[in-house]
Amino acid sequence: MYEFEYHRPSSVAEAAELVSKADDGALMAGGQTLIPTLKQRLASPSDVVDLGAIAELKGIRVEGDAVVVGAGTPHAAVAGSAEVQGAIPALAALAEAIGDPQVRNKGTLGGSIANNDPAADYPAAVLGLGATVTTNQREIAADDFFTGMFETALTDGEIVTAVRFPKPQRAGYAKFPNPASRYAIVGVLVAETSGGVRVAVTGAGSCVFRASEMEQALAGSFSAEALDGISVPADDLNNDLHASAAYRAHLVSVMAKRAVAAAQ
Amino acid sequence: MTITVNMTVNGKDVSAEVEPRTLLVQLLRENLGLTGTHVGCDTSQCGACVVHVDGESVKSCTLLAAQCDGGQVTTIEGLADGDTLHPMQEAFREHHGLQCGFCTPGMVMSAIDLVNRNGAPSETEIREWLEGNICRCTGYHNIVKAIDAGAKSMGG
Ligand SMILES: Cc1cc2nc3c(=O)[nH]c(=O)nc-3n(C[C@H](O)[C@H](O)[C@H](O)COP(=O)(O)OP(=O)(O)OC[C@H]3O[C@@H](n4cnc5c(N)ncnc54)[C@H](O)[C@@H]3O)c2cc1C
Ligand code: FES
Ligand code: FES
């Protein structure tokens with residue numbers, strides 16, 4: 001790890017100011033991606049601004065027809081939350097299947113979506129449930145948030161403060177995990193929402209994406225059979241030592257059917 | 001440049017001058033001489049470095065010491081009561097839950113976090129909980145037996 005200066009602000013405003021004043025500042029949530037990146041010297045920020053002591057970023061609350069999760073809420077808290085289990089069980093189950101217990105104790109929702117790893121789980125929930133990302137500057141619809149591999153609509157130093165997940169009629173998530181890391185080789189979230197059926201696929205491509213043909217089929221009949229014969233084209237999918245693009249395309253159909261079957 | 005971090009480690013107040021990039025595991029092993037916490041992979045995968053911070057199990061190789069400022073840290077050295085092992089340590093001994101012992105401190109710390117959340121875990125729950133703890137020796141079977149027994153003796 002290269003040297004850096006460390007800051008531990010207690011408010012979002014203070015954090016925003018610290019990161020904007022730094023030569024090359026990095027925000028840190030739980031550090032579960034950032035610290036391994038720093039150790040490998042893949043990043044060398046002049047300053048690390050730790051969001052871990054900011055109380056306003058933590059917590060889960062139900063607001064009308066939505067569950068609002070603070071960006072600094074660890075995965076374990078989402079998985080164990082009675083509010084989330086009651087309102088959106090698929091979201092609690094998704095959080096419970098991230099990595100391992102120690103990663104879930106430190107890793108956060110905000111860190112996961114800001115990082116936008118192509119194999120991360122939360123992007124599928126945010127996109128699939130049609131959530132809204134709140135930052136210290138604005139609100140960003142899920143459809144506009146994830147812009148490419150490790151890329152998001154966030155500008156430099158913009159801080160995710162919370163994500164608002166509208167309660168779906170039903171939703172399910174199924175993933176085929178990498179046996180070592182538990183990241184998704186393919187993960188599919190399906191949701192029947194007030195705005196229609198949404199199908200979000202993570203792990204398969206360079207960035208989470210919606211499978212529109214599957215959405216149309218499920219809008220006709222929300223059943224696993226409705227997906228018979230429908231697959232996503234393999235051309236743009238990831239091809240690596242874990243799975244070929246053709247195998248990933250196959251897994252998308254299988255995981256989508258399982259997600260529909262699990263939906264509640 | 002160094003910063004001062006203050007924390008409680010195994011019940012004792014500790015203050016240390018460290019570089020901001022110092023990992024919690026470095027502080028524990030190098031500054032405090034608590035070498036029971038091991039570094040197996042240094043890439044956040046193996047769980048040999050698991051300790052408790054504010055009662056929750058975390059990977060001390062993937063945490064800055066500075067992030068734990070003001071926190072309560074418990075390591076494997078903080079479990080026994082004098083010569084009396086913690087029930088989970090005793091269960092690992094009784095059930096041969098270790099061979100070389102390298103993974104054991106992390107296994108024990110992880111297992112105690114499980115039992116604190118779920119006093120009577122099933123075999124499946126124990127195996128799933130161990131996702132982040134890798135053992136090169138035992139094949140896990142006796143570790144699972146040890147945790148099952150440790151959970152029962154921690155409960156009463
Ligand atoms: C062994 C291991 C296994 C894992 N398995 C999985 C898995 O199965 N599925 C999965 O989805 N993930 C997995 N992860 C990743 C994990 O879910 C982390 O939550 C994720 O890496 C983000 O970590 P963090 O919240 O600590 O963020 P950090 O590492 O602190 O930050 C990550 C990035 O997000 C930025 N950031 C953080 N918070 C904010 C914010 N509020 N606003 C703006 N930017 C912000 C940081 O600047 C940084 O660039 C795994 C990680 C490890 C180490
Ligand atoms: S040394 Fe920390 S997880 Fe392996
Ligand atoms: S006992 Fe040797 S690594 Fe587990």
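Begin by selecting Ala149(B), which sits in helix H5 of chain B, the helix that covers residues 141-155. The model on the screen is a predicted one, and every stop on this tour should be read with that in mind. With Ala149(B) still selected, add Glu94(B), which is 55 residues away in sequence, while the C-alpha atoms of the two residues are 9.2 Å apart in space. Then show Ala91(B) and His95(B), since Ala149(B) touches both of them, when residues up to four places away in sequence are left out of the count.

Next, colour chain B by its domains. The assignment divides chain B into domain 1, residues 3-76, and domain 2, residues 87-153, and the C-alpha centres of these two domains lie 21 Å apart. Where they meet, 18 residues of domain 1 of chain B are in contact with 15 residues of domain 2 of chain B, and the area buried between the two domains is about 1200 Å², with carbon and sulfur atoms giving 58% of that area. To see the domain 1 side of this contact, select His38(B), His52(B) and Ile76(B), which lose the most area to domain 2 of chain B and together account for 39% of what the domain 1 side buries. The count between domain 1 of chain B and domain 2 of chain B is 1 salt bridge.

For a closer view of charged side chains in chain B, select Arg117(B) and Glu56(B), whose side chains meet in a salt bridge with an N to O distance of 3.5 Å. Side chains of opposite charge can pair when their charged atoms come close. Over all chains, a search of the whole structure finds 22 salt bridges.

Now move to chain A and select helix H1, residues 12-21, where Glu17(A) and Lys21(A) both lie, 4 residues apart, or about one turn of the helix. These two residues form a salt bridge, with the closest N and O atoms 3.5 Å apart.

Colour chain A by domain as well, taking residues 5-50 as domain 1 and residues 58-263 as domain 2. The centres of the two domains of chain A, taken over C-alpha atoms, are separated by 26 Å, and their contact takes 9 residues from domain 1 of chain A and 13 residues from domain 2 of chain A. Between them, domain 1 of chain A and domain 2 of chain A bury about 700 Å², with 74% of this area on carbon and sulfur atoms, and the count of salt bridges between these two domains is 0.

With both chains shown, turn to the interface of chain A and chain B, where the contact takes 27 residues from chain A and 27 residues from chain B. The two chains bury about 2200 Å² between them, 55% of it on carbon and sulfur atoms. On the chain A side, select Lys39(A), Gln102(A) and Asn105(A), which lose the most area to chain B and together make up 27% of what that side buries. Across this interface there are 3 salt bridges. Keep Lys39(A) selected and add Asp42(B), since these two residues form a salt bridge in which the closest N and O atoms are 2.7 Å apart.

Finish at the second largest pocket, which holds about 680 Å³ of space. Of its 27 lining residues, those closest to the centre are Ala93(A), Glu96(A), Ala97(A), Arg104(A) and Glu128(B), so select these five residues to place the view. The elements that give two or more residues to the lining are, in chain A, helix H3 (75-80), helix H5 (89-96), helix H6 (101-106) and strand E11 (170-177), and, in chain B, helix H3 (104-117) and helix H4 (123-129). Coloured by residue class, the lining of this pocket divides into 13 nonpolar, 6 polar and 8 charged residues.

Conventions
Residues numbered from 1 in each chain as written. Chains lettered and ligands numbered in written order. Predicted model: local features only at pLDDT ≥ 70, side-chain atom pairs only at ≥ 80, totals over all residues. Heavy atoms only, no water. 1 Å grid on protein atoms, 1.4 Å probe; cavity = no way out; pocket = protein on both sides within 12 Å on 5 of 7 lines; lining within 4 Å. Points joined across faces, edges and corners; volume = space filled by probe spheres on them. Nonpolar A, V, L, I, M, F, W, Y, C, P; charged D, E, K, R; others polar. Domains from an automatic or database assignment. Contact = heavy atoms within 4.5 Å. Buried area = accessible area lost by both parts, 1.4 Å probe. Salt bridge = Lys/Arg side-chain N within 4 Å of Asp/Glu carboxyl O.
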